[in-house]
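Reader: I would like to go through this model with you, one term at a time. Please tell me what each word rests on as we meet it.

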Amino acid sequence: MKKIEAIIKPFKLDDVREALSEVGIAGMTVSEVKGFGRQKGHTELYRGAEYMVDFLPKVKLEIVVPDDQVDRCIDAIMDTAQTGKIGDGKIFVTNVERVIRIRTGEENEDAV
């Protein structure tokens, strides 16, 4: 099993959720996060004063899937989250050794 973490622009969340649903993903965890990469933040004007915004708002999606669904999930995220502009985000894929559903005690693929 793999854990896919995707950092995307907030306005793309609904489109990505729908795309993942179409490829069979039933559940995910979503967090509002802040950060920066090459985009390095930006400057804004507030009451006539310019100030630097170092951390930009993003959304972090986390899903755990069987190995055979990883490429479909990545393609769905890429196709819907990509704008072609700086700050589109990143996707991280890591191994998951064990998953346990607390309610039933089911493990691994049965728990996902």
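**Terms and the values behind them**

Author: Let us start with Lys 9, which is in contact with Lys 58, Thr 83, Lys 85, Ile 86, Gly 87 and Asp 88, leaving aside its neighbours within four places in sequence. Contact here means heavy atoms within 4.5 Å. The model is a predicted one, in which local features need pLDDT of at least 70 and side-chain atom pairs count only at pLDDT 80 or more, while totals for chains, interfaces and linings use all residues. Residues are numbered from 1 along each chain as its sequence is written, and side-chain values use heavy atoms, with hydrogens and water left out.

Reader: Where does Lys 9 sit, and why does it count as buried?

Author: Lys 9 is in the loop between S1 and H1. Its relative accessibility is 14%. Buried means under 20% relative accessible area, exposed means over 50%, and partly exposed lies in between (1.4 Å probe, protein chains only). Lys 9 therefore falls in the buried class.

Reader: What are the labels such as S1 and H1 based on?

Author: They are DSSP runs, numbered from the N terminus: helices are H or I runs of at least four residues, and strands are E runs of at least two. By that rule the chain has two helices and six strands, in the order β-α-β-β-β-β-α-β along the sequence. Of the 112 residues in the chain, 29% are buried.

Reader: Why is Thr 29 called partly exposed?

Author: Its relative accessible area is 44%, so Thr 29 goes in the class between buried and exposed. Thr 29 belongs to strand S2, residues 29-35. Not counting residues up to four places away in sequence, it touches Lys 60, Leu 61 and Glu 62.

Reader: And what puts Val 33 in its accessibility class?

Author: Val 33 has a relative accessible area of 25%, which means that it too is partly exposed. It is also in strand S2. Beyond its neighbours within four places in sequence, Val 33 is in contact with Leu 56, Pro 57, Lys 58, Val 59 and Lys 60. Its C-alpha atom is 8.5 Å from that of Ile 7, 26 residues apart along the chain.

Reader: How do you know how the length of H2 compares with what is expected?

Author: Helix H2 (residues 70-81) has twelve residues and spans 16 Å from its first C-alpha to its last. The expected span is 1.5 Å times one less than the number of residues. That gives an expected 16 Å, and the span of H2 is close to it.

Reader: Which residues of H2 are buried, and what tells you how they are placed around the axis?

Author: The buried ones are Val 70, Cys 73, Ala 76, Ile 77, Thr 80 and Ala 81. They cover an arc of only 135° around the axis, so they lie on the same side of H2. The arc is taken from the directions from the helix axis to the C-beta atoms. As background, an α-helix has 3.6 residues a turn, so residues three or four places apart point the same way. On the other side of H2, Asp 71 and Asp 79 are exposed. The cover over the buried residues of H2 includes strands S1 (2-8), S5 (56-65) and S6 (90-95) as well as helix H1 (13-22).

Reader: What about H1: which of its residues are buried, and where do they point?

Author: Val 16, Ala 19 and Leu 20 are the buried residues of H1. Their arc is only 100°, which puts them on the same side of H1. Their cover includes S1, S5 and H2.

Reader: What do you call the orientation of H1 to H2, and why?

Author: Their axes come within 9 Å and cross at roughly 150°. Angles over 145 degrees count as roughly antiparallel, under 35 as roughly parallel, 65 to 115 as roughly perpendicular, and the rest as oblique. H1 is therefore roughly antiparallel to H2. The contact is made by Asp 15, Val 16, Ala 19 and Leu 20 of H1 with Cys 73, Ala 76, Ile 77, Thr 80 and Ala 81 of H2. Axes are lines fitted to C-alpha atoms, for helices over the stretch in contact, and angles run from 0 to 180 degrees between N-to-C directions.

Reader: One last residue: why does Asn 108 get its accessibility label?

Author: Asn 108 has a relative accessible area of 25%, so it is partly exposed. It lies in the segment after S6. Its phi is near 55°, a positive value in a residue other than glycine.
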